[in-house]
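Morning, everyone. I have one structure to walk through today. Please have the sequence and the model open while I talk.

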Amino acid sequence: MTVTIRDGREDDIEAVVALTKDYFRVSRFNGRTEFSADKVGMTFLTAIEMGNLFRVAEKDGKVVGFSHAIMSTLPWSDEPGLSDTTVYADPESARAVGITLLRDLKRQAEDMRARFILFSWISGWRDEKLMRILSRLGFEQIGHIAYLSF
């Protein structure tokens with residue numbers, strides 16, 4: 001059961017939309033916003049077209065996870081980095097696939113000459129456990145997220 005990480009392709013979109021729907025169900029946005037499969041599909045198609053990060057994890061020929069990030073700058077700096085970062089693996093393979101995707105994300109960012117990765121999570125997953133995993137990969141916690149709904 002080897003996990004392979006590769007660039008996402010158009011033919012991965014359907015599987016990634018399904019994974020994103022699963023992610024949304026457990027996220028803190030469920031009940032606060034509506035899920036749009038069309039929006040998800042367009043987001044990943046745009047990532048392919050624009051050269052943003054879109055990677056998939058494959059196990060036994062099945063897409064079981066993905067990562068996505070946008071190369072951008074912060075309002076106060078010209079240094080490029082990855083933001084709006086999403087990493088998700090299906091619950092059956094979450095541990096191994098998730099960490100593999102995070103390591104790949106870090107390598108991809110370095111290859112893209114990103115100066116930072118801005119990673120926030122809304123999954124509802126245990127914050128402390130995820131922060132420990134991210135810390136082992138070199139991330140540091142620098143803030144929190146506040147959300148206001150209208």
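**A walk through the model**

Let's start at one residue: Ile99, which sits in helix H3. Before we go further, remember that this is a predicted model. Is Ile99 buried, exposed or in between? Its relative accessible area is 23%, so Ile99 counts as partly exposed. The cut-off for buried is under 20%. Set aside the neighbours within four places in sequence, and Ile99 is in contact with Ala94 and Ile133. Now look along the chain to Gln141, 42 residues away from Ile99. The C-alpha atoms of that pair are separated by 18 Å.

Now the whole chain. How many helices and strands are there? The protein chain has 4 helices and 4 strands. Read from the N terminus, the order is β-α-α-β-β-β-α-α. The radius of gyration is 15 Å, and the globule rule gives 15 Å for 150 residues, so the chain is as compact as a globular protein of that length. Along the principal axes, the C-alpha atoms fill a box of roughly 40 × 40 × 30 Å.

A few more chain totals. Of the 150 residues, 41% count as buried. Take the contacts between residues at least 6 apart in sequence: 61% of them join residues at least 24 apart. The chain exposes about 9600 Å², and carbon and sulfur atoms supply 51% of that. On charge, there are 20 positive and 22 negative. The mean positions of the two sets are 7 Å apart.

Next, the inside. The largest nonpolar core has 22 residues. Which residues have the most contacts inside that core? They are Leu82, Leu102, Leu105, Ile117, Phe119, Leu134 and Phe139. Several elements supply at least two residues each: strands E2 (53-59), E3 (62-73) and E4 (80-89), plus helices H3 (94-111) and H4 (127-136). H3 gives the most, with 5 residues. Apart from this core lies another, of 13 residues. Val16, Tyr23, Val40 and Ala47 are among its members.

Back to the largest core, and two of its residues. Take Ile117 first. Not counting residues up to four places away in sequence, Ile117 touches Leu82, Thr85, Leu105, Lys106, Ala109 and Phe139.

That last partner, Phe139, is worth a stop. Phe139 lies in the segment after H4. Is Phe139 buried or exposed? Its relative accessibility is 16%, so Phe139 counts as buried. Beyond its neighbours within four places in sequence, Phe139 is in contact with Ile117, Phe119, Met131 and Leu134. For a long-range reference, use Arg28, which is 111 residues from Phe139 in sequence. From C-alpha to C-alpha, that pair is 22 Å apart.

Now Gly138. This residue is also in the segment after H4. Gly138 has 61% relative accessibility, so it counts as exposed. Its C-alpha is separated by 15 Å from that of Leu82, and the two are 56 residues apart along the chain.

Let's move to the strands. His68 is in strand E3. At 6% relative accessibility, His68 is buried. What does His68 contact, beyond its neighbours within four places in sequence? The list is Thr43, Phe44, Ala47, Leu53, Phe54, Asp84, Thr85 and Thr86. Two names there have come up already. Ala47 belongs to the 13-residue core. Thr85 is touched by Ile117.

Asp84, another contact of His68, has a backbone feature to check. Its phi is near 50 degrees, a positive value in a residue other than glycine. Asp84 is in strand E4. With a relative accessible area of 54%, Asp84 is exposed.

Where is the other aspartate on my list, Asp60? Asp60 is in the loop between E2 and E3. Phi of Asp60 is near 55 degrees, again a positive value in a residue other than glycine. Asp60 has 62% relative accessibility, so it counts as exposed.

To recap. The largest nonpolar core has 22 residues, and H3 gives the most to it. His68 is buried in terms of accessibility, while Asp84 and Asp60 are exposed. That's my tour.

Key:
Residues are numbered from 1 along each chain as its sequence is written. This is a predicted model: local features need pLDDT of at least 70, side-chain atom pairs count only at pLDDT 80 or more; totals for chains, interfaces and linings use all residues. Side-chain values use heavy atoms; hydrogens and water are left out. A nonpolar core is a set of buried Ala, Val, Leu, Ile, Met, Phe, Trp, Tyr and Cys residues joined through side-chain atoms within 4.5 Å. Buried means under 20% relative accessible area, exposed over 50%, partly exposed in between (1.4 Å probe, protein chains only). Contact means heavy atoms within 4.5 Å. The radius of gyration is taken over C-alpha atoms; the globule rule is 2.2 Å times the number of residues to the power 0.38. Accessible areas come from the Shrake-Rupley method with a 1.4 Å probe; for residues, only the protein chains shown count as cover. Lys and Arg count as positive and Asp and Glu as negative; His and the chain ends are not counted. The place of a charge is taken as NZ of Lys, CZ of Arg, CG of Asp or CD of Glu.
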